[in-house]
Each structure stands twice: as structure tokens, then as C-alpha cells.
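Visitor: I would like a close look at one part of this protein. Please take me through the sheet, strand by strand, and then show me what lies around it.

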Amino acid sequence: MAMLSCIHHVSWLKPIDGGKHQCTYCREVVTKKEIYPKFEDLGVEFQQKWDRHEKGEDAKPAGPAPGVAS
Ligand SMILES: [Zn+2]
């Protein structure tokens, strides 16, 4: 059954391929305009991380490296 009004809370979001973000709660691909709290309210660190992912600048080099924190 589809969620009618998922708020796409930032704590549910994960970066996915193609510079996009997905809500792990409702499984929708979301944009920065659809998330909660508002993108503008999330702080520079979050915004930069999001933008880097959108531009593909945080793309990981080939090869699995699970659990590595930079
Ligand atoms: Zn959602």
C-alpha cells in the first residue's frame, strides 16, 4: 500500500546512484525540495554533502569499501 504523505525525513534519506537521494521509508526518490526539515534549515554541512552527491563529486572509487568512514 502506498504512503500518501511521507514527509521524507532527512534521517531516512540515503544517497543513491545518479546523484539522487532515496527515502528508505517510502522508497521514493526525493529532491531537496521534498524533504523534511526544509533543506535550507539543515545547515551548511548537510547542504554541501547533498550538493556534492548531486554533482557526483563524492562518488566512491570502484570497489567495495563498506563501513569506511572518511
Ligand atoms: Zn519518504
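Guide: Here is a walk through the sheet, followed by its surroundings.

Keep in mind that this is a predicted model. Start with the overall plan. The protein has 1 helix and 3 strands. Along the sequence, the pattern reads β-β-β-α. So where does the sheet sit in that plan? The 3 strands form an open sheet, in the order S1-S2-S3, with antiparallel pairing. S1 and S3 are the edge strands, and each of them pairs on one side only.

Take S1 and S2 together. S1 covers residues 13–16. S2 covers residues 20–23. The two strands run antiparallel, and 4 bridges join them. Three of the residue pairs can be followed by name. Leu13 has Cys23 as its bridge partner in S2. Lys14 is matched with Gln22 of S2. Pro15 has His21 as its partner in S2.

Now look at the turn. S1 and S2 make a hairpin, with 3 residues between them. Gly18 sits in that turn, and its phi is positive, about 85°.

Stay with S2 and look at its side chains. They alternate along the strand. His21 and Cys23 point to one face, and both are buried. Lys20 and Gln22 point to the other face, and these two are not buried. Put this beside the pairing. His21, the partner of Pro15, is on the buried face. Gln22, the partner of Lys14, is on the other face.

Next comes S3. This strand covers residues 29–30. S2 and S3 pair in the antiparallel sense, over 2 bridges. His21 has Val30 as its bridge partner in S3. His21 is also the partner of Pro15 in S2's pairing with S1. That puts one residue of S2 in bridges on both of its sides.

S2 and S3 also form a hairpin, this time with 5 residues between them. Arg27 lies in the loop between these strands. Its phi is about 70°, a positive value, although Arg27 is not a glycine. Is Arg27 buried or exposed? Arg27 is exposed, because 10 other C-beta atoms lie within 10 Å. The cut-off for exposed is 12 or fewer.

Now step back to the segment before S1. His8 is found there. Its phi is near 55°, again positive in a residue other than glycine. His8 has 21 C-beta neighbours inside 10 Å, so it counts as buried. The cut-off for buried is 20 or more. Few residues reach that mark: of the 70 residues of the protein, 7% count as buried.

Cys6 belongs to the segment before S1 as well. What does Cys6 touch, leaving out residues up to four places away in sequence? The list is Cys23, Tyr25, Cys26 and Glu28. One of these, Cys23, is the S2 residue that partners Leu13. Cys6 also comes within reach of Glu34: the two are 28 residues apart in sequence and 9.7 Å apart in space, C-alpha to C-alpha. Cys6 is partly exposed, because 16 other C-beta atoms lie within 10 Å.

Links across the sequence can be put as a share too. Take the contacts in the protein with a separation of 6 or more. Residues 24 or more positions apart account for 32% of them.

Last, follow the chain out of the sheet. Pro37 is found in the loop between S3 and helix H1. The peptide bond from Tyr36 to Pro37 is cis, with omega near -5°. H1 itself covers residues 44–55. The helix has 12 residues and reaches 16 Å from its first C-alpha to its last. That is close to the 16 Å expected at 1.5 Å a residue. Just after H1 comes Gly56, with a positive phi of about 80°.

Key. Residues are numbered from 1 along each chain as its sequence is written. Two residues are in contact if their C-beta atoms, placed from the backbone, lie within 7 Å. Two strands pair if DSSP finds at least two bridges between them. The expected span of a helix is 1.5 Å times one less than its number of residues.
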